[in-house]
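Open the model in your viewer and keep the selection box handy. We will start with the whole chain and then move from stop to stop.

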Amino acid sequence: MNIRRITLALLLAATSLLLVAPVAFAEGGAYTVAAGDTLFEIAAKLLGDGNRYLEIVQLTNEQHAEDSGYAFIENPNLIEIGWKLAVPGAAFTPGRVAGGPVWVKASGSSADVRWILPGLRNLDPKIFGTPDMPLGFEEDVGLPLEARMTNEEGTEYTTTAAPGPFSDNFKMIEGTFNLEAVDATLIDGMSTEDKVDFTASFTGPDGKQYSLKILMVIPMGPDHPFLGGVATNFMQHGMTGIGTKLMPTMYVYVAFWGVGELSIDGEVVASNRIVHGMISSNVRDEEYKLVFDDGVDNSKIHFHLILPNIEVTPDGPQTSPVPTGFEMPNGMEQPFLHIMYEDVTLN
Ligand SMILES: [Cu+2]
């Protein structure tokens with residue numbers, strides 16, 4: 001029982017690395033104060049400029065006059081956890097990709113598709129350091145110290161402490177995907193001109209039929225940049241500070257972050273899931289183990305599709321397991337989806 005609980009907790013910790021901004025904020029909206037928030041940071045995160053915190057004060061107090069559910073801010077230096085704030089819409093337009101929009105078309109054939117099962121990840125000392133000199137434990141993209149195992153002598157990190165989605169375990173499945181993306185907006189902002197048309201279908205290890213489509217792109221990520229929702233020709237993961245450090249530093253041809261609708265056996269089971277997809281350098285060896293930075297094979301590409309255990313709600317992103325319908329060996333439902341397509345055509 002205890003082991004089960006720990007496993008789930010760490011699984012959640014590992015998959016919550018892909019947090020996203022409240023989608024509602026493109027037009028402005030309500031924000032609930034969380035632990036550690038300051039008005040300056042909230043303004044920086046949601047409006048792209050910390051100095052705009054006074055607009056939040058003004059709008060919140062205006063709303064409070066009509067709706068006492070909103071806080072009344074007397075002193076901008078004193079805000080409390082749980083307070084409801086009113087945030088204005090963004091005024092700035094994020095920069096555009098130099099040279100004009102990049103259009104990408106890609107597809108994946110059923111030749112080699114894999115369902116990633118929860119598993120451990122070996123920890124690269126270049127990324128995570130040693131117990132004497134730990135690295136890579138930054139919030140959201142790094143790995144907390146308590147989520148790491150060490151060797152018997154306690155001199156080196158070995159693996160993650162509990163199974164997660166960045167795993168070497170898999171089941172061969174069937175599936176295809178189709179992607180058409182436009183990368184027009186370079187950086188995060190409240191609005192974006194980036195576009196994604198994406199559908200995928202695949203079977204589960206138990207033969208269920210899954211399908212997925214993207215409903216909209218997410219223009220901004222609060223914990224690591226989403227680069228406007230679609231990004232092309234950049235580096236991610238590992239050393240970059242963009243995305244989880246459990247994946248090695250790699251070249252990315254195209255990546256997107258959006259809100260997706262998931263169906264199982266023809267029935268919609270969720271339409272507010274965070275979905276991330278990406279075509280990158282090949283980051284797995286002959287045994288399909290995730291490599292360290294020096295093992296990344298830039299002569300090959302593959303595509304990964306991730307649904308972390310996060311859903312989009314009017315109050316922002318919330319932790320919630322993906323209703324995958326797939327039972328893990330411990331009897332629990334696998335709370336994430338991570339699908340790998342090895343046979344990819346990129347135009
Ligand atoms: Cu990725």
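**The whole chain**

Show everything as a cartoon to begin with: the protein has four helices and 18 strands, where helices (H or I, at least four residues) and strands (E, at least two) are DSSP runs numbered from the N terminus. Its radius of gyration is 21 Å, close to the 20 Å that the globule rule gives for 347 residues, so the protein is as compact as a globular protein of that length. That radius is taken over C-alpha atoms, and the rule is 2.2 Å times the number of residues to the power 0.38. The C-alpha trace spans about 60 × 50 × 40 Å along its principal axes.

This is a predicted model, in which local features need pLDDT of at least 70 and side-chain atom pairs count only at pLDDT 80 or more, while totals for chains, interfaces and linings use all residues. For your selections, residues are numbered from 1 along each chain as its sequence is written.

Now colour by pLDDT, the predictor's confidence in each residue, from 0 to 100. The average for the protein is 88, and 91% of the residues score at least 70. Select residues 1-24 and you will find pLDDT under 50 throughout. The model has 66 contacts beyond four places in sequence for that stretch; two residues are in contact if their C-beta atoms, placed from the backbone, lie within 7 Å.

How much of the protein is made up of buried residues? They account for 42% of the 347 residues. A residue is buried if 20 or more other C-beta atoms lie within 10 Å of its own, exposed if 12 or fewer, and partly exposed in between, with C-beta atoms placed from the backbone. Among contacts between residues at least 6 apart in sequence, 68% join residues at least 24 apart.

**Two domains**

Give separate colours to domain 1 (29-87) and domain 2 (102-121 + 162-346); these bounds come from an automatic or database domain assignment. Their centres, taken over C-alpha atoms, are separated by 33 Å.

**Helices α2 and α3**

Next, select residues 53-66, helix α3. At 1.5 Å a residue its 14 residues should span 20 Å, and the end C-alpha atoms are 21 Å apart, which agrees; the expected span is 1.5 Å times one less than the number of residues.

Which residues of α3 are buried? Show side chains for Tyr 53, Ile 56, Val 57 and Thr 60. They cover an arc of only 100° around the axis, which puts them on the same side of α3; the arc is that of the directions from the helix axis to the C-beta atoms. An α-helix has 3.6 residues a turn, so residues three or four places apart point the same way. Turn to the face of α3 that points away from this buried side, and you meet the exposed residues Leu 54, Glu 62, Ala 65 and Glu 66.

The cover over the buried residues of α3 includes α2 (39-47) and β2 (84-87). Select α2 and pick out its buried residues: Leu 39, Ile 42, Ala 43, Lys 45, Leu 46 and Leu 47. What covers them includes β1 (29-32), α3 and β2. Just after α2, look at Gly 48, which takes a positive phi of about 80°.

**Positive phi beyond glycine**

Jump to Asp 140, in the loop between α4 (125-128) and β5 (148-150). Its phi is near 75°, a positive value in a residue other than glycine. With 15 C-beta neighbours inside 10 Å, Asp 140 counts as partly exposed.

His 237, in the loop between β11 (230-236) and β12, also has a positive phi, near 65°. Is His 237 buried or exposed? It is buried, with 25 other C-beta atoms within 10 Å.

**Strand β12 and the loop after β13**

Select Ile 264 in strand β12 (residues 250-264). Ile 264 is partly exposed, with 17 other C-beta atoms within 10 Å. Beyond four places in sequence, Ile 264 touches Lys 208, Tyr 210, Val 269 and Gly 325. Draw a distance to Tyr 210: 54 residues away in sequence, but 4.6 Å from C-alpha to C-alpha.

Finish in the loop between β13 (267-282) and β14 (297-307), where Asp 293 sits. Its contacts beyond four places in sequence are Asp 124, Lys 126, Gly 238, Pro 248 and Thr 249. Asp 285 lies in the loop between β13 and β14 too, and is in contact with Val 291 and Gly 295, leaving aside neighbours within four places.
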